[in-house]
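The following exercises are to be worked through with the sequence and the three-dimensional model at hand. Each task is followed by a solution in steps.

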Amino acid sequence: MSGHLFALVGALVTLAFMFELLRRRRLREKYAGLWIVVALVVLVAAVFPGLTEWLSELVGITTPINLVFFLGLLSLLVVCVQLSAELGEIEHENQTLAEQAALLRLRVERLEAAVAPDGPGEDATAGPDA
Amino acid sequence: MSAVSDAPEPRVLVVLPAWNESESLPGVLAEIREHLPGVGVLVVDDGSHDGTAAVARSLGVDVLELPFNLGVGGAMRAGFRYALEQGYPMVVQVDADGQHDPRDVPRIVERLAHSDVVIGARFAGTGSYEARGPRRWAMNVLAGVLSRVASTRLTDTTSGFRGAGPRAVELFARHYPAEYLGDTVESLVLASRNGLRIEQIGVSMRERSAGRPSQSPLKASVYLARACLALVISLVRRRERITPQEATVV
């Protein structure tokens, strides 16, 4: 019974922690969502211990705790894959930004060269008095 | 707009993706100037640490300075975007390390009248470039599969010496693959999937004028594995078709 109590407290602490992070805007909803779901599942499993046993019997796992481990690993996998996908997207955006920054920089250089009084000189220092 | 020069707009842009090539760049640019008087030249500094951009600027060519290293694919996509923005219908990629002979560029440009992508191939009879071991096998496998995909005979699919015509420039400005080997292998898959015609011509490949090539058996094996993975992924990837409006930049 104390084991269930432990799981219950753990789930509640996790939920509170997620809520607090969200409240302080340290965590965005799309990432917090999954963790909240995980904490809720643990909470439900802790309150109704029979549920885990019933479910593990249903899928054919002899020891209920193995089902818990399996689901835990599965959810970690899902989170990792989601993060990889997000990272790929961010890399792509990052690349586009770098390209645009380079293109704009060249444009600024050209405009500066066109505006500069003494033509195509290399005076990058001749700025402030203009 | 910026009416600086009244010379007729050059129609071919030579793009040199350069990563820490400050030693070899002056020689390559001098050769380009000597043999290709009419072309536009753009150096894309791919996050170098050795002042490549400054060297290029001091030599009077346009420089796109990427804030950090994006790889050849990213550098080339920036180059294609620049070409599209500036109205160059044709782009020829030349490596900044001096391996590509600028005198081959006119032959590539000439073939762009018939094809959208022209590859300067190293194993097509000219020159004496040799690759061995796993790297060679990888090149053969890639050449075999990509020849089928592009329905033309290609022998050197990883060559960085290539030209792109108007349709290819438009496509690549938007979708040039930036991942590892994407600039060579995947870009060919992308081009043929979008109905572009690809061909190759033989070119001679020279020794690097500076710096050191990175090759070892281990690296070659990793190259083999990654090349095959890149090929398989690009072949099964969902098709991306573009419309002309989509390709406009900035």
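**Exercise 1. An annotated stretch of chain A**

What percentages of helix and strand does the chain have over residues 34-52 of chain A, and how far apart are the end C-alpha atoms?

Solution. The model is a predicted one.
- Step 1: Residues 34-52 of chain A are 95% helix and 0% strand.
- Step 2: The C-alpha atoms at the two ends of this stretch are 20 Å apart.
- Step 3: For residues 6-22 of chain A, the values are 100% helix and 0% strand, with 24 Å between the end C-alpha atoms.
- Step 4: Both stretches can be set beside the record: an unreviewed UniProt entry annotates residues 6-22, 34-52 and 58-81 of chain A as "transmembrane region".

**Exercise 2. A positive phi in a loop of chain A**

Locate A:Arg25 and decide whether it is buried or exposed.

Solution.
- Step 1: A:Arg25 is found in the loop between helix H1 (2-23) and helix H2 (29-47) of chain A.
- Step 2: Its relative accessibility is 75%, so A:Arg25 counts as exposed, the threshold being over 50%.
- Step 3: The backbone of A:Arg25 has a positive phi of about 60°, although the residue is not a glycine.

**Exercise 3. The general make-up of chain B**

Describe chain B by its secondary structure, burial, contacts and surface.

Solution.
- Step 1: Chain B contains 8 helices and 7 strands.
- Step 2: Of its 250 residues, 54% count as buried.
- Step 3: Taking the contacts in chain B between residues at least 6 apart in sequence, 77% join residues at least 24 apart.
- Step 4: Chain B has an accessible surface of about 11800 Å², and carbon and sulfur atoms account for 52% of this.

**Exercise 4. Two loop serines of chain B**

Establish the surroundings of B:Ser48 and B:Ser22.

Solution.
- Step 1: B:Ser48 belongs to the loop between strand E2 (40-46) and helix H2 (52-58) of chain B. Its relative accessibility is 16%, and therefore B:Ser48 counts as buried.
- Step 2: Leaving aside residues up to four places away in sequence, B:Ser48 touches B:Ala18, B:Trp19 and B:Asn20.
- Step 3: The side chain of B:Ser48 reaches the backbone nitrogen of B:Asn20 at 2.8 Å, and a polar contact of 2.5 Å joins it to the side chain of B:Asp45.
- Step 4: B:Asn20 itself is in the loop between E1 and H1 of chain B. This asparagine has a positive phi near 50° and, at 30% relative accessibility, counts as partly exposed.
- Step 5: B:Ser22 lies in the loop between strand E1 (12-18) and helix H1 (25-35) of chain B. With a relative accessible area of 15%, B:Ser22 is buried.
- Step 6: The side chains of B:Ser22 and B:Asp50 are in polar contact at 2.7 Å. Residues touched by B:Ser22, not counting those up to four places away in sequence, include B:Gly51, B:Thr52 and B:Val55.

**Exercise 5. The interface of chain A and chain B**

How many residues of each chain are in contact, and how many salt bridges cross the interface?

Solution.
- Step 1: 15 residues of chain A contact 20 residues of chain B.
- Step 2: The area buried between the two chains is about 1600 Å², with 56% from carbon and sulfur atoms. On the chain A side, A:Gln95, A:Glu99 and A:Leu103 lose the most area to chain B, together 33% of what that side buries.
- Step 3: There are 6 salt bridges across the interface.
- Step 4: A:Glu99 forms a salt bridge with B:Arg77, with 3.0 Å between the closest N and O atoms. The pair joins two chains, because A:Glu99 lies in helix H4 (residues 64-115) of chain A and B:Arg77 in helix H3 (residues 71-86) of chain B. Both partners are buried.
- Step 5: A:Glu99 also forms a salt bridge with B:Arg81, at 3.4 Å between the closest N and O atoms.

**Exercise 6. A salt bridge within chain B**

Which residue forms a salt bridge with B:Asp116, and where do the partners lie?

Solution.
- Step 1: The partner of B:Asp116 is B:Arg167, the closest N and O atoms being 3.1 Å apart.
- Step 2: B:Asp116 is in the loop between helix H4 (105-111) and strand E5 (117-121) of chain B, while B:Arg167 is in helix H6 (residues 166-175), 51 residues apart.
- Step 3: B:Asp116 counts as buried at 11% relative accessibility, whereas B:Arg167 counts as partly exposed at 47%.

Key. Residues numbered from 1 in each chain as written. Chains lettered and ligands numbered in written order. Predicted model: local features only at pLDDT ≥ 70, side-chain atom pairs only at ≥ 80, totals over all residues. Heavy atoms only, no water. Helix = DSSP H or I, 4+ residues; strand = E, 2+ residues; numbered from the N terminus. Buried < 20%, exposed > 50% of the residue type's maximum accessible area, 1.4 Å probe, protein only. Contact = heavy atoms within 4.5 Å. Areas by Shrake-Rupley, 256 points an atom, 1.4 Å probe, with all protein chains shown as cover. Polar contact = N/O pair within 3.5 Å; in protein donor to acceptor, adjacent residues only side chain to side chain. UniProt positions renumbered as here; feature names shortened; annotations may be inferred. Buried area = accessible area lost by both parts, 1.4 Å probe. Salt bridge = Lys/Arg side-chain N within 4 Å of Asp/Glu carboxyl O.
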